[in-house]
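Q: Please take a close look at how two of the helices pack against each other in this model. I would also like to see what else one of them takes part in.

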Amino acid sequence: MTTENRLYEEKVWDRSIRIFHWVNVLCVLALMIIGSTILYANLLGISSEGKITLKIMHAYVGYVFAFNLLWRLVWGFVGSSTARWGAVMPFRRAYPGELKEWLRGIRTGQAPEYRGHNPAAKLMLLALYVLLVGQMTTGLVLAGTDLYFPPFGHEFAEWATGAGEDHSQLVGLVPGAKEMLDPEGYAAMRQFREPFIYIHKLFFWVMLVAVFLHVLAVVVEEIRHGNGLVSAMISGKKVFRQPPRN
Ligand code: HEM
């Protein structure tokens, strides 16, 4: 075998990263499907009760999504070298130089190969993580304002009912139980909710575009380098035609 034909196989993604990735894909897909059904509930002729059921289902999947994402955020500090935030995010001092070199390589058809992510992928990942963390944060607030679910539901229920010290009364507050509400407190709580629902919907649309670009980039890279990017997220191993950069 000549040196030119030699292939290098390297273990690049640890087990935690691979599990995170596929759980995240499934959750985001489910959240987008249930979320768009809530968004178009009126158009689809779904009743108010049906809408509440959808919101509850959406929040349950949301908790799985949030735990998985929180675990990934921690893993970025303690995981393997390619899982660390230093290797994933475009914040290293050398980053602008790496990006220029990569862009030059793309133009001349000799872009370097990387064990982890290439410089353009790092920008995409920054955008994706901002969107994921944004959806998690706003979603958890909405689960509180709309369903009185944890982690903030108790506080929002208290605000909406204007109840004083007796917290036990608020625990079972049914979504939409108007007779228990204090009109002023409820109105203030709903006003507080406005920017969260706005960002949650906006990020939904931006995320649709970002997910499309992410998948497109994986397909293009796969055709260009044949690294086995998709199977690498299952086996953890990538294949290279030249010794990869870190
Ligand atoms: C990738 C993640 C997510 C996406 C793409 C997403 C998408 C959406 C969309 C499109 C809506 C409909 C908005 C509307 O018409 O009002 C929605 C509503 C909602 N989401 Fe999410 N969501 C995500 C994560 C979460 C998480 C983590 C939670 C909390 C556990 C959550 C809780 C809620 C709640 C409670 C609503 C109902 C708000 C309302 O309509 O009044 N979401 N989501």
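A: In this predicted model, helix α1 (residues 15-39) and helix α8 (residues 183-225) approach each other with their axes coming within 11 Å and crossing at roughly 135 degrees. Angles of 65 to 115 degrees count as roughly perpendicular and those over 145 as roughly antiparallel, so α1 is oblique to α8. The crossing of the two helices is left-handed.

On the α1 side, the contact is made by His 21, Val 28, Met 32, Ser 36 and Leu 39. They meet Lys 201, Phe 204, Trp 205, Met 207, Leu 208, Val 211 and His 214 of α8. By character, the residues of this contact comprise eight nonpolar, three polar and one charged.

Helix α8 also takes part in binding the iron atom of the ligand, through His 200. The protein donors of the iron atom are NE2 of His 58 and NE2 of His 200, lying 2.0 Å from it. These two histidines link distant parts of the chain: His 58 belongs to helix α2 (residues 48-78) and His 200 to helix α8, and they are 142 residues apart. The iron site has six donor atoms, with angles of 86 to 180 degrees among them, and is octahedral. For comparison, the ideal angles for six octahedral donors are 90 or 180 degrees.

Elsewhere in the chain, the loop between α5 (119-147) and α6 (153-161) contains Pro 151, which is joined to Pro 150 by a cis peptide bond with omega of about 5 degrees. Tyr 148 is also placed in the loop between α5 and α6; although not a glycine, Tyr 148 has a positive phi of about 55 degrees.

Notes
Residues are numbered from 1 along each chain as its sequence is written. This is a predicted model: local features need pLDDT of at least 70, side-chain atom pairs count only at pLDDT 80 or more; totals for chains, interfaces and linings use all residues. Side-chain values use heavy atoms; hydrogens and water are left out. Axes are lines fitted to C-alpha atoms, for helices over the stretch in contact, and angles run from 0 to 180 degrees between N-to-C directions. Helices (H or I, at least four residues) and strands (E, at least two) are DSSP runs, numbered from the N terminus. Angles under 35 degrees count as roughly parallel, over 145 as roughly antiparallel, 65 to 115 as roughly perpendicular and the rest as oblique. A crossing is left-handed if the near helix is turned anticlockwise from the far one by less than a right angle, and right-handed if clockwise. Contact means heavy atoms within 4.5 Å. Ala, Val, Leu, Ile, Met, Phe, Trp, Tyr, Cys and Pro count as nonpolar, Asp, Glu, Lys and Arg as charged, and the others, Gly among them, as polar. Donors are N, O and S atoms within 2.8 Å of the metal (3.2 Å for Na, K and Ca); water is not among the atoms, so sites may look incomplete. Four donors count as tetrahedral if all angles lie between 85 and 135 degrees; four count as square planar and six as octahedral if opposite donors are over 155 degrees apart and all others between 65 and 115; anything else is irregular.
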